[in-house]
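Let's take a walk through this one together, going from strands to rings to helices. Have the viewer open as you read.

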Amino acid sequence: MENLHISNERLAQWLGAMRSDGLRIFAPVARGGKADFKLLAEGDTVAEGYVQTAQSAKRIVFPMAEVLFSYRKKGHDIELCDAAEATFPKTIAWKMRPCDARALRQMAEVFTSDYDDAIFHARLDSLTVVAFSCATCDDCCFCTSVGGGPGSTEGSDMLVTQLGPDGALVEVLTDKGRQLAEKYLAGAGKAEGIDKQAHLAEVKVLFSAEEVRAKLEGAFDSPLWKEQAERCLGCGACAFVCPACTCFDIQEDAHGSRGRRIRCWDSCGFAMFTQHTSGHNPRPTQATRWRQRLLHKFSYIPEKLGEAGCTGCGRCSRACPVDMNISEHLKAIADHE
């Protein structure tokens with residue numbers, strides 16, 4: 001749409017004005033030495049100087065647990081309350097990283113590929129994403145290896161690239177972003193001659209996603225899976241911090257004449273994920289479950305959606321209690337003869 005150039009003071013005023021207007025804003029807040037997304041409350045300060053939030057922003061549109069519908073029996077009748085018919089409040093996601101914003105776009109494809117999930121899309125439609133480019137990275141970041149980048153605009157309504165003392169470049173990318181800019185950035189100058197790339201982190205390409213996918217096509221029975229999964233505890237931390245994981249379970253919460261159907265996050269790394277009622281489990285070992293995780297993200301999803309089901313945020317590697325680094329494992333797969 002258009003690129004704007006604003007001062008650092010104007011950037012701070014923009015957030016302040018939205019807060020003063022009572023907008024519902026999720027943003028990173030420092031807690032316990034880490035930054036994490038939370039609904040901004042009075043007194044909260046947006047975190048600075050961090051590489052990535054501990055948790056992803058996906059729970060804004062895909063909560064860890066949510067009621068799909070509730071019901072109440074009245075004699076022979078049933079009164080149904082469907083969450084898909086609810087109106088979700090307008091929300092701003094402030095300072096989301098490009099890898100998280102890209103994951104929202106990927107999730108939207110997953111939630112429409114076989115079935116159009118009305119609840120997910122109602123939440124997403126009510127969300128305006130103001131992402132911030134990455135000026136720093138760490139050894140866990142590998143967005144450039146899976147088609148992303150520290151200044152990628154995918155999935156964002158606006159992308160802010162901070163220019164140090166020279167203010168910020170604001171890329172207005174969608175109609176949602178334009179509406180926000182018209183209200184809070186009126187009169188801002190158009191950006192001209194700004195070298196955006198000079199202000200982005202240098203994220204090295206660690207492996208070729210195409211080579212990984214090609215190797216995975218014939219690697220179902222590879223000894224690599226057992227070797228790589230030796231340390232895996234099956235704790236699910238990698239899936240729960242991942243911005244692109246969409247596995248869920250459905251639970252029934254019934255009490256007398258009332259009940260609810262609840263959707264909860266799940267993980268293919270859990271031993272019970274594929275447990276059959278008969279007791280048989282087609283993925284009986286952690287090695288077979290680790291294989292499923294990598295095949296799903298780097299073979300099955302690319303076959304269906306044309307891209308890896310991973311945005312290279314590196315959270316899984318940072319969160320793993322036994323130091324399993326997914327980029328190292330993917331590089332080993334790409335280099336495997």
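**Strands, rings and helices**

Start with the open sheet, where four strands line up in the order E5-E4-E12-E11 with antiparallel pairing. Strand E5 (77–82) and strand E11 (248–255) sit at the edges, each pairing on one side only. From one strand to the next, the twist averages 20°. Bear in mind that this is a predicted model.

Now look at the pairing of strand E4 (residues 65–74) with strand E12 (residues 258–265): the two run antiparallel and are joined by seven bridges. If you want a spot to get your bearings, find Val-67, which stands opposite Ile-262 in E12.

On to the aromatics. Searching the whole structure turns up nine aromatic pairs. One of them is Trp-14 with Trp-94, an edge-to-face pair at 4.9 Å centre to centre with 85° between the planes. Trp-14 belongs to helix H1 (residues 8–20) and Trp-94 to strand E6 (residues 91–96), so this pair ties together parts that are 80 residues apart in sequence. Both Trp-14 and Trp-94 are buried.

Next, swing over to Phe-142 and Phe-207. Their ring centres are 5.7 Å apart and their planes meet at 50°, which falls between the 30 and 60 degree cut-offs, so this pair counts as tilted. Here it's two loops that get connected: Phe-142 lies in the one between strand E7 (127–132) and strand E8 (158–162), and Phe-207 in the one between strand E10 (189–190) and helix H5 (209–216), so the pair ties together parts that are 65 residues apart in sequence. Phe-142 and Phe-207 are buried too.

There's also a cluster: ring pairs link Phe-62, Phe-111, Phe-120, Phe-240, Phe-248, Trp-265 and Phe-270. Phe-248 has something else going on, since Arg-263 lies over its face, at 5.0 Å from the ring centre. Elsewhere, Arg-97 lies over the face of Tyr-50, at 4.8 Å from the ring centre.

Finally, the helices. How do helix H8 (residues 286–305) and helix H10 (residues 326–335) pack? Their axes are 13 Å apart and the angle is about 80°, so H8 and H10 are roughly perpendicular to each other. Zoom in on the contact and you'll see Trp-290, Leu-294 and Phe-298 from H8 meeting Ile-326, His-329, Leu-330 and Ile-333 from H10.

How values were computed:
Residues are numbered from 1 along each chain as its sequence is written. This is a predicted model: local features need pLDDT of at least 70, side-chain atom pairs count only at pLDDT 80 or more; totals for chains, interfaces and linings use all residues. Side-chain values use heavy atoms; hydrogens and water are left out. Two strands pair if DSSP finds at least two bridges between them. Axes are lines fitted to C-alpha atoms, for helices over the stretch in contact, and angles run from 0 to 180 degrees between N-to-C directions. Rings of Phe, Tyr and Trp (its six-membered ring) pair if their centres lie within 6.5 Å; planes under 30 degrees apart count as stacked, over 60 as edge-to-face and the rest as tilted. Buried means under 20% relative accessible area, exposed over 50%, partly exposed in between (1.4 Å probe, protein chains only). A charge sits over a ring if NZ of Lys or CZ of Arg is within 6 Å of the ring centre and within 35 degrees of the ring normal. Angles under 35 degrees count as roughly parallel, over 145 as roughly antiparallel, 65 to 115 as roughly perpendicular and the rest as oblique. Contact means heavy atoms within 4.5 Å.
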